[in-house]
Amino acid sequence: MNYSRKSYSVNEATKKLERYCAYQERCHLEVTTKLRTMGIIPQAIDLITTHLIQNDFLNEERFSRSYARGKFNLKNWGKVRIVAELQRRNISKFNIKLALEEIDKEDYLQKLDLIARKRLQQIREKNLQKRRKKLADYLLYRGWERNLVFAKITELIS
């Protein structure tokens, strides 16, 4: 089969990636992956990425801060999961630290309490140990720290 793939000039690819980055915050990895799927050669990828950084379409600090805020506020993720996902995107330790500063300590503990109580109401299990395990699994999967999770479980299920 002959799959004809659209070929892009550096200029066309740059414009396309400007729109891609303007639509939503992106990290370097997402941008380079997108350019590779477009069939752009490595030298052009470097050129386009540099252009996007210089013109503030691509900013890793801004991406990581926005990502942490979004995943915490909208998906109820804890710091463990947020850090893991940022690391998976090759975000620097420095930017991960800045990203976590976006999450207020009080809000963090309130959110944990809120989602733990909400989830506990949904668990129909009668056996106390199984209730604890189900709640722990739920919270740990969402990336909440083990010590916070077990303290909250002890507080809620006696």
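Helices and strands here are DSSP runs, with at least four residues of H or I for a helix and at least two of E for a strand, numbered from the N terminus. The model on screen is predicted.

**Whole chain**

Start with everything selected and a cartoon drawn. The protein has nine helices and zero strands, so a colouring by secondary structure follows the pattern α-α-α-α-α-α-α-α-α along the sequence. Switch to the C-alpha trace and align the view to the principal axes: the trace spans about 65 × 40 × 20 Å. The radius of gyration is 21 Å, whereas a compact globule of 158 residues would be near 15 Å.

Next, colour by relative accessibility. Buried residues account for 37% of the 158 residues. With a surface drawn, the accessible area is about 10200 Å², and carbon and sulfur atoms hold 51% of that area. For a contact map, take pairs with a separation of 6 or more: 63% of those contacts join residues 24 or more positions apart.

**Helix α4 and the pocket**

Select residues 60-75, which form helix α4. Which residues line the largest pocket? Select Gln24, Glu25, Glu30, Phe63, Ser66, Tyr67, Gly70, Lys71, Leu74 and Arg89. Helix α4 supplies the largest share of this lining, six residues. The pocket has a volume of about 170 Å³. Colour the lining by class to see three nonpolar, three polar and four charged residues.

Stay on helix α4 and pick Phe72. Is Phe72 buried or exposed? Its relative accessible area is 4%, under the 20% cut-off, so Phe72 counts as buried. Show what is around Phe72, leaving out neighbours within four places in sequence: its contacts are Trp77, Ile82, Ile103, Asp107, Tyr108, Lys111 and Trp144. One of these, Tyr108, is worth a distance label: its C-alpha atom is 8.3 Å from that of Phe72, with their positions 36 residues apart along the chain.

**Two loops beside α4**

Move to the loop between α3 (42-54) and α4 and select Asp56. What is the phi of Asp56? The angle is near 60 degrees, a positive value in a residue other than glycine. Asp56 has a relative accessible area of 42% and is partly exposed.

Then go to the loop between α4 and α5 (79-88) and select Asn76. Asn76 is not a glycine either, and its phi is positive, about 60 degrees. The relative accessible area of Asn76 is 23%, which makes this residue partly exposed; the value lies above the 20% limit for buried residues, so Asn76 is not counted among them.

**Two exposed arginines**

Select Arg36, in helix α2 (residues 28-37). Its relative accessibility is 53%, and because exposed means over 50%, Arg36 falls in that class. Draw a C-alpha to C-alpha distance from Arg36 to Lys75: the two are 29 Å apart in space and 39 residues apart in sequence.

Finish with Arg146, in helix α9 (residues 146-156). Arg146 has a relative accessible area of 55% and is exposed. Add a last distance label from Arg146 to Ala136: the pair is 10 residues apart in sequence, and the C-alpha atoms are 8.5 Å apart.

How values were computed. Residues are numbered from 1 along each chain as its sequence is written. This is a predicted model: local features need pLDDT of at least 70, side-chain atom pairs count only at pLDDT 80 or more; totals for chains, interfaces and linings use all residues. Side-chain values use heavy atoms; hydrogens and water are left out. On a 1 Å grid over the protein atoms alone, a cavity is a set of points where a 1.4 Å probe fits but cannot get out, and a pocket is an open set with protein on both sides within 12 Å along at least five of seven lines; lining residues have an atom within 4 Å of a point. Grid points are joined across faces, edges and corners, and a volume is the space filled by probe spheres set on the points. Ala, Val, Leu, Ile, Met, Phe, Trp, Tyr, Cys and Pro count as nonpolar, Asp, Glu, Lys and Arg as charged, and the others, Gly among them, as polar. The radius of gyration is taken over C-alpha atoms; the globule rule is 2.2 Å times the number of residues to the power 0.38. Buried means under 20% relative accessible area, exposed over 50%, partly exposed in between (1.4 Å probe, protein chains only). Contact means heavy atoms within 4.5 Å. Accessible areas come from the Shrake-Rupley method with a 1.4 Å probe; for residues, only the protein chains shown count as cover.
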